[in-house]
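Trainee: I would like a close look at one part of this model. Please take the salt bridges, and then whatever connects to them.

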Amino acid sequence: PRLTERKQTRGMAELCKDRGNNAFKDGRYEEAIDQFTQAINMDPTNHIYYSNRSAAYASMKMWDEALDDAKKCIDIQPTWAKGWSRKGAALHGRGNFDMAIVSYNQGLKIEPNNEALKAGLKAAQDAEENSGADPFGHYFGPDCWAKLTTNRATQRFMQDEDFVAKIREIQSNPAALDKHLADPRVMTAFQTLSGLNLNNLR
């Protein structure tokens with residue numbers, strides 16, 4: 001009976017995770033956090049739940065909470081590269097660029113070809129070298145890749161190397177946003193990340 005009960009609880013936890021993932025994709029980050037929290041309460045040994053909640057916290061710029069969850073994810077599963085990516089993103093968001101670089105490199109030791117880790121590492125290195133800010137540059141922080149990949153309006157752009165290159169350039173040089181906004185894909189990405197609709201501004 002206990003085994004059956006445990007399976008049922010884990011099944012309910014997975015259901016909460018799926019609901020959280022759907023909420024995250026739609027940009028409903030508070031709802032996503034609530035669903036991932038319920039999943040964690042039911043199954044606190046699942047590293048993926050902490051990873052997902054870390055991403056949701058990062059999307060709300062709640063960097064300390066994102067970092068705590070990333071650390072917990074790594075504690076449970078230290079050989080899972082995405083956990084190190086989550087930690088790197090949270091550290092980048094807090095402005096701890098040097099520690100973010102260490103974290104991304106740790107993840108790359110596990111998965112040397114992981115594109116998210118490579119992109120995160122480059123963004124952290126660029127941020128450390130170039131602290132010049134643009135009024136809107138912060139929208140393209142370390143959490144932007146997760147948002148662009150999961151958002152229905154922008155996920156198709158992530159297969160386009162030209163688009164990805166432009167986003168990376170904006171990350172390393174926020175002033176480049178101005179010239180790239182002429183690209184409708186970049187405009188859509190900016191609106192997705194910022195919550196602003198420039199077409200409606202008068």
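Mentor: What follows starts with the salt bridges and moves on to the rings, the pocket and two further residues. Keep in mind that this is a predicted model.

Start with the count. There are 17 salt bridges. Side chains of opposite charge can pair when their charged atoms come close.

Which residues are linked in a network of salt bridges? They are Asp160, Asp162, Lys166, Asp183 and Arg185. Take the pair of Arg185 and Asp162 within it. Their side chains meet at 2.7 Å, N to O. This pair links distant parts of the chain: Arg185 belongs to helix H11, Asp162 to helix H9, and 23 residues separate them in sequence. Is each partner buried or partly exposed? Arg185 has a relative accessible area of 17%, so it is buried. Asp162 has 40%, so it is partly exposed.

Asp183 is another member of the network. Its place is the loop between helix H10 (177-180) and H11. With a relative accessible area of 10%, Asp183 is buried, because buried means under 20%. Leaving aside neighbours within four places in sequence, Asp183 is in contact with Asp162 and Lys166. Both of these contacts are also named in the network.

Helix H9 has a further link, this time to helix H10. Glu169 in helix H9 and Lys179 in helix H10 are 10 residues apart. Their side chains form a salt bridge of 3.0 Å, N to O. Glu169 is partly exposed at 28% relative accessible area. Lys179 is exposed at 54%.

Now go to helices H4 and H5. Asp64 in helix H4 (residues 63-76) and Arg94 in helix H5 are 30 residues apart. Their side chains meet in a salt bridge of 2.9 Å, N to O. Asp64 is partly exposed, at 46%. Arg94 is partly exposed too, at 41%.

Next, the rings. The count of aromatic pairs is 3. One of them is Phe140 with Phe190, a stacked pair at 6.4 Å centre to centre, with 15° between the planes. Phe140 sits in the loop between helix H7 (115-129) and helix H8 (144-150), while Phe190 is in helix H11, 50 residues away in sequence. Helix H11 also holds Arg185 of the network. Phe140 counts as buried at 3% relative accessibility, and Phe190 counts as buried at 1%. Phe157 and Phe163 have ring centres 5.3 Å apart and planes at 55°, so this pair is tilted. Both of these residues are buried.

Then the largest pocket. About 790 Å³ of space lies in it. It is lined by 33 residues, and the closest to its centre are Arg86, Ala116, Trp145, Ala146 and Thr149. Among the elements giving two or more residues to the lining are helix H9 and helix H5. Both appeared above: helix H9 holds Asp162, and helix H5 holds Arg94. By class, the lining has 16 nonpolar, 10 polar and 7 charged residues.

Finish with two buried residues. Asn46 lies in the loop between helix H2 (29-42) and helix H3 (47-59). At 17% relative accessibility, Asn46 counts as buried. Beyond four places in sequence, Asn46 touches Glu14 and Ile76. Tyr29 lies in helix H2 and is buried, with a relative accessible area of 17%. Outside its neighbours within four places in sequence, its contacts are Phe24, Ala56, Ser59, Met60 and Lys147. Between Tyr29 and Glu14, the C-alpha to C-alpha separation is 18 Å.

Methods: Residues are numbered from 1 along each chain as its sequence is written. This is a predicted model: local features need pLDDT of at least 70, side-chain atom pairs count only at pLDDT 80 or more; totals for chains, interfaces and linings use all residues. Side-chain values use heavy atoms; hydrogens and water are left out. Helices (H or I, at least four residues) and strands (E, at least two) are DSSP runs, numbered from the N terminus. Buried means under 20% relative accessible area, exposed over 50%, partly exposed in between (1.4 Å probe, protein chains only). Contact means heavy atoms within 4.5 Å. Rings of Phe, Tyr and Trp (its six-membered ring) pair if their centres lie within 6.5 Å; planes under 30 degrees apart count as stacked, over 60 as edge-to-face and the rest as tilted. On a 1 Å grid over the protein atoms alone, a cavity is a set of points where a 1.4 Å probe fits but cannot get out, and a pocket is an open set with protein on both sides within 12 Å along at least five of seven lines; lining residues have an atom within 4 Å of a point. Grid points are joined across faces, edges and corners, and a volume is the space filled by probe spheres set on the points. Ala, Val, Leu, Ile, Met, Phe, Trp, Tyr, Cys and Pro count as nonpolar, Asp, Glu, Lys and Arg as charged, and the others, Gly among them, as polar. A salt bridge is a side-chain nitrogen of Lys or Arg within 4 Å of a carboxyl oxygen of Asp or Glu.
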